[in-house]
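Biologist: Could you pick one part of this model and take me through it closely? I'd like to hear how that part sits against the rest, with the cut-offs spelled out.

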Amino acid sequence: MNMDYQAGDAHQEKLDADAVCIQCGTVNAEGTLLCKVCGNNLRDQRVRRLASDQALESAGAGPRRRVWASAVFFVLAVALIISTLFNQEMIVSWLMDVQAGTRLGPSDLWNGAPSTSLNELAESLESTFPTEELALQARDTPSPGTSMSGMYAVFSGEQFVGAANIRETGNTLQLVAVLNGGEQLRGLATLQGDYYVMVPESGGLDSGRRIIAIQGVASPVAGGVVECVGDDSRSRYSCMAYRLPS
């Protein structure tokens, strides 16, 4: 099936769609509706990208604080890949140590030494979990702060998907996030340059059935706004977090 949209006499209306597919990286011909490799809807992709750009712009206070989500996402994705490449020996070592029982794994974020402080964050988050109304207010007017610590409303595109509680201690972030579907993410991220990196042994997602390792990158992009990219080795995720008033 030819998935390229052919402009001609029968199609006078201009098709607004991205050319580069973010799912597989294919560069499609101008006017293509569906990616010719993976079938991703490039028009819907453009709509989501523009909506994300608009939401991120509204989080800033004037032109100097405008941040384009698409560019930041690209930088974060590259940072995640670079971090993985530079830390691949450490990741392999971690996998071997976990199998040998000599190093902590993601489950220890719930049952091991790091769990004490993370349990405190989880209990505080569950007792003050924001409503969607409060989350939307935080997205429109995020609360600035002198550190990363605080409660955050988490959005995927325009959808409110959960909340997070973050504690900054030196160059490390302790974080707990609860998604609306009931999943809980816990992690420890270390500052590297302008962003925080969470490697597999220090990040995990509890789906209620099992805990899987998560690696990711978090980057402050404006006052009270953080963009995150995560990877569980099968899928990649991205979201925006907006700080709630304390």
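Modeller: Sure, here's a close look at helix 5 and its surroundings. First, the ground rules: this is a predicted model, so local features need pLDDT of at least 70 and side-chain atom pairs count only at pLDDT 80 or more, while totals for chains, interfaces and linings use all residues. Residues are numbered from 1 along each chain as its sequence is written, and side-chain values use heavy atoms, with hydrogens and water left out.

The chain has six helices and ten strands; these are DSSP runs numbered from the N terminus, helices being H or I with at least four residues and strands E with at least two. Helix 5 (115-127) has 13 residues and reaches 18 Å from first C-alpha to last, close to the expected 18 Å (1.5 Å times one less than its number of residues).

Now for its two sides. Ser115, Ser117, Leu118, Leu121, Ala122 and Leu125 are buried, which means under 20% relative accessible area, with exposed over 50% and partly exposed in between (1.4 Å probe, protein chains only). They cover an arc of only 165° around the axis, so they sit on the same side of helix 5; the arc is taken over directions from the helix axis to the C-beta atoms. On the other side, Thr116, Glu123 and Ser127 are exposed.

What does the buried side meet? The buried residues of helix 5 pack against helix 4, strand 1, strand 2, strand 3 and strand 4 (184-192), where contact means heavy atoms within 4.5 Å.

That leads to the largest nonpolar core: buried Ala, Val, Leu, Ile, Met, Phe, Trp, Tyr and Cys residues joined through side-chain atoms within 4.5 Å. Leu125 is among the members that touch the most others in this core of 20 residues, along with Ala153, Phe155, Val176 and Tyr242. Helix 5 gives four residues, the largest share. In general, nonpolar side chains tend to be buried together in soluble globular proteins.

Helix 5 also has a charged link. Glu120 forms a salt bridge with Arg167, the closest N and O atoms being 3.4 Å apart; the term covers a side-chain nitrogen of Lys or Arg within 4 Å of a carboxyl oxygen of Asp or Glu. Glu120 in helix 5 and Arg167 in strand 2 are 47 residues apart, so this pair links distant parts of the chain. Both ends are partly exposed: Arg167 has a relative accessible area of 26%, and Glu120 has 44%. A search of the whole structure turns up five salt bridges.
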